[in-house]
Amino acid sequence: NTRTKHCREIIADRKSLRQTSMSRLAMKILTAIVTLSLTSALKIVLPGGTGPLGRVLASTLSQSGHSVTILCRNSFLAATPNRVSGDFGWVGRSFLESIDARNVRLRDWDGGDLLDIVGNDWFGWQEDALKSADIVINLVGGFTAQREMAAERLIRESNQMCPMTLHVSVSPTDEDMAKFKPVMLKAKLDRLGRIEKMYEANCNNVRCLRLPLGKSKIQGCCDEIMDLIKSIEK
């Protein structure tokens, strides 16, 4: 009886040891999976991301597991249930509360124009959004001087916070500018050109994209940006 009891204890000990070893192995595998997920997830900033392209891109990035910060001039108005002003970008509360936007947040910033700040909580946006950013995709729209000031502000602040951040400058093609934005065309094209030269002269890591205009082209533009990000991840 004593021998039988001893044998049972040995078998139980071995079984417990196997279970412990399996638990440790499972924990190692789980840790590896979580680590791989975290290392592949990027922190991406979208200045001007409250437009139609920004909304689609933010959703796609979020679903891919990336962390997305949309810099907007007024996050309160951008997040209202219904759009209340055509002067500011808008993504809507329903979008922000959807599972597609689970990794998306809004952040006020000065928009590059310190004399025309309209956000409620813009102070400190540089450290909050740019300090740990992997990629800044500039989607600021319009073709006035404000677009140029926004680019300059992003470059200057990002270079101080994180000099190796990848900057992606997104602008329309010359052909679509001539087709859809013909008024004062030369001045607009010159401004877009200056912005791209500014990026190339002052950023360590930059890509300048020229994408088509129009609602029907939004998904294609989003796909091209995502292809760029995937090529960087490799």
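Q: What percentage of the 234 residues in the chain is buried?
A: In this predicted model, a residue counts as buried when its relative accessible area is under 20%. Of the 234 residues in the chain, the share that meets this criterion is 39%.

Q: How many helices and how many strands does the chain have?
A: Both kinds of element occur in this predicted chain. The strands number six, and the helices number nine.

Q: In what order do the six strands stand in the open sheet?
A: The pairing in this open sheet is parallel. Neighbouring strands are turned against each other by 20° on average, direction ignored. Read across the sheet, the order is β3-β2-β1-β4-β5-β6.

Q: Which strands stand at the edges of the sheet?
A: An edge strand has a single partner, so one side of it is left without a neighbour in the sheet. This applies to residues 104–108 and to residues 206–211, which are β3 and β6.

Q: Which residue of β6 is the bridge partner of proline 172?
A: Strand β5 covers residues 166–172 and runs parallel to β6. Six bridges join β5 to β6. For proline 172, the bridge partner in β6 is leucine 211.

Q: What angle does the direction of helix α2 make with that of β1?
A: Helix α2, residues 52–63, packs on the sheet and touches β1, β2, β3 and β4. Its direction and that of β1 make an angle of about 175°.

Q: Which strands does helix α6 touch?
A: Helix α6 spans residues 145–161 and packs on the sheet. Its direction makes about 170° with that of β5. The strands it touches are β1, β2, β4 and β5.

Definitions and conventions:
Residues are numbered from 1 along each chain as its sequence is written. This is a predicted model: local features need pLDDT of at least 70, side-chain atom pairs count only at pLDDT 80 or more; totals for chains, interfaces and linings use all residues. Side-chain values use heavy atoms; hydrogens and water are left out. Two strands pair if DSSP finds at least two bridges between them. Helices (H or I, at least four residues) and strands (E, at least two) are DSSP runs, numbered from the N terminus. Axes are lines fitted to C-alpha atoms, for helices over the stretch in contact, and angles run from 0 to 180 degrees between N-to-C directions. Contact means heavy atoms within 4.5 Å. Buried means under 20% relative accessible area, exposed over 50%, partly exposed in between (1.4 Å probe, protein chains only).
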